[in-house]
Amino acid sequence: MSVSYGTFLPDALETCAHLDAIRPVKPHSKGCEDCLKIGDTWVHLRLCMTCGHVGCCDASKNKHATKHFHATNHPIMRSFEPGETWGWCYIDQVTLEFE
Ligand SMILES: [Zn+2]
Ligand SMILES: [Zn+2]
Ligand SMILES: [Zn+2]
């Protein structure tokens with residue numbers, strides 16, 4: 001499998017059935033696009049691996065990454081923080097490892 005944001009450790013393949021939702025996405029923005037629209041701030045950023053939506057984490061008051069999952073059913077995000085390689089499947093509730 002080749003994706004622009006990395007490859008998976010073998011055990012991720014066994015625990016998440018949604019890896020085909022991962023596309024070679026381009027991040028839409030450098031910050032949470034929904035917070036930017038309303039002039040709000042965030043704590044950490046998450047990147048949707050299906051469409052490239054950039055949203056804020058659950059420690060942020062607006063939780064736009066989780067809201068994006070509920071609105072679109074895009075199951076997989078990864079951390080958009082520099083140096084962080086983990087991702088998350090909202091449906092299986094498992095951590096994924098990207099390179
Ligand atoms: Zn999954
Ligand atoms: Zn946000
Ligand atoms: Zn998305």
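Visitor: Which residue stands opposite Leu47 in β3?
Guide: Arg78 does. This is a predicted model: local features need pLDDT of at least 70, side-chain atom pairs count only at pLDDT 80 or more, and totals for chains, interfaces and linings use all residues. Residues are numbered from 1 along each chain as its sequence is written, while chains are lettered from A and ligands numbered from 1 in the order in which they are written.

Visitor: What makes β3 a strand?
Guide: Strands are DSSP runs of E, at least two residues, numbered from the N terminus; helices are runs of H or I, at least four. β3 covers residues 76-79, so it qualifies as a strand.

Visitor: How do you know which strands pair, for example β1 with β3?
Guide: Two strands pair if DSSP finds at least two bridges between them. Three bridges join β1 to β3, so they pair. The two run antiparallel.

Visitor: What makes β4 and β5 a pair?
Guide: Four bridges join them, so the pairing rule is met. They run antiparallel. Cys89 stands opposite Val94 in β5.

Visitor: What links β3 to β4?
Guide: They form a hairpin with six residues between them. Three bridges pair these strands in the antiparallel sense. Met77 stands opposite Trp88 in β4. In the turn, Gly83 has a positive phi of about 85°.

Visitor: Why are β2 and β5 called edge strands?
Guide: The open sheet has the order β2-β1-β3-β4-β5. β2 (54-56) and β5 (94-97) each pair on one side only.

Technical notes: Contact = placed C-beta atoms within 7 Å. Axes fitted to C-alpha atoms, helices over the stretch in contact; angles between N-to-C directions.
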